[in-house]
Amino acid sequence: MKIELLDDKTVKVVLSNADMVHFNITYDDMDYKNPDTKRVILQLVDQIKREFSVDLSTGKLFIEAFPYADGGCILYVNLIDINSGKSKPGSHRYKTSFDTPIIFCFKDINALAGL
């Protein structure tokens, strides 16, 4: 297992196939309703707190999981700042979901490639 602190609220965790076997979980079985997934996430949050002194248990977490080589997976764990969601007077908030299309415009292909 490799844990990398990307910033003060984001952690990247790379789990090898051996780690997945150790945790008794597979990528296909990972689901937020699955008790085994919850157990693994709680163990990882505890280990992150011990190793990096980053407490991810103080708010809501946004977790993205991606398959990795030979049966492993990569997890991006993000602590969601609940206070940043409070609107200031006169400001407007727009809710979007993952299926909301977002359109970007670039001056040329080099600007897109640079992204």
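# Close-ups of a predicted three-helix, four-strand chain

**Figure 1. The whole chain at a glance.** The chain's secondary structure adds up to three helices and four strands, where helices (H or I, at least four residues) and strands (E, at least two) are DSSP runs numbered from the N terminus. Reading from the N terminus, the order is β-β-α-α-β-β-α. Of the 115 residues in the chain, 23% are buried; here buried means under 20% relative accessible area, exposed over 50%, and partly exposed in between (1.4 Å probe, protein chains only). Among the contacts (heavy atoms within 4.5 Å) with a separation of 6 or more, 43% join residues 24 or more positions apart. A note on the numbers: this is a predicted model, in which local features need pLDDT of at least 70 and side-chain atom pairs count only at pLDDT 80 or more, while totals for chains, interfaces and linings use all residues. Residues are numbered from 1 along each chain as its sequence is written, and side-chain values use heavy atoms, with hydrogens and water left out.

**Figure 2. Helix H2, end to end.** H2 covers residues 35-52, and at 1.5 Å a residue its 18 residues should span 26 Å, which agrees with the 25 Å between its end C-alpha atoms. That expected span is 1.5 Å times one less than the number of residues in the helix. Just past H2 comes Ser 53, whose phi is positive, near 55°.

**Figure 3. The two faces of H2.** Which residues of H2 are buried? They are Thr 37, Val 40, Ile 41, Leu 44, Val 45, Gln 47 and Ile 48. Those residues take up an arc of only 165° around the axis, so they sit on the same side of H2; the arc is taken from the directions from the helix axis to the C-beta atoms. As a reminder, an α-helix has 3.6 residues a turn, so residues three or four places apart point the same way. Turned away from the buried side, the other face carries the exposed residues Pro 35, Leu 42 and Arg 50. The cover over the buried residues of H2 includes strands S1 (2-7), S2 (10-15), S3 (60-67) and S4 (73-80), plus helix H1 (17-23).

**Figure 4. Asn 34 at the start of H2.** Asn 34 sits in the loop between H1 and H2 and counts as buried at 18% relative accessibility. What does Asn 34 do at the N-terminal end of H2? Asn 34 caps that end, with a side-chain oxygen 2.7 Å from the backbone nitrogen of Asp 36. The side chain of Asn 34 also reaches the backbone oxygen of Asp 29 at 2.9 Å. For polar contacts, the criterion is a pair of N or O atoms within 3.5 Å; within protein, one must be able to donate a hydrogen and the other to accept it, and residues adjacent in sequence count only if both atoms are side-chain atoms.

**Figure 5. Ile 25, in the loop between H1 and H2.** Ile 25 is buried, at 6% relative accessibility. Setting aside neighbours within four places in sequence, Ile 25 is in contact with Met 20, Met 30, Asp 36, Thr 37 and Val 40. For Ile 25 and Thr 37, which are 12 residues apart along the chain, the C-alpha separation is 7.3 Å.

**Figure 6. The largest nonpolar core.** A nonpolar core is a set of buried Ala, Val, Leu, Ile, Met, Phe, Trp, Tyr and Cys residues joined through side-chain atoms within 4.5 Å. The largest one has 19 residues, of which Val 13, Leu 15, Ile 48, Leu 56 and Leu 75 touch the most other members. At least two residues of this core come from each of S2, H1, H2 and S4, and H2 gives the largest share, five residues. Not counting residues up to four places away in sequence, the partners of Leu 75 include Val 13, Leu 15, Met 30, Ile 41, Leu 44 and Ile 63.

**Figure 7. One aromatic pair.** The structure holds one aromatic pair. The ring centres of Phe 66 and Tyr 76 are 6.1 Å apart with the planes at 75°, so this pair is edge-to-face. Rings of Phe, Tyr and Trp (its six-membered ring) pair if their centres lie within 6.5 Å; planes under 30 degrees apart count as stacked, over 60 as edge-to-face and the rest as tilted. Phe 66 belongs to strand S3 and Tyr 76 to strand S4, so the pair ties together parts 10 residues apart in sequence. Phe 66 is partly exposed at 38% relative accessible area, and Tyr 76 is partly exposed at 26%.
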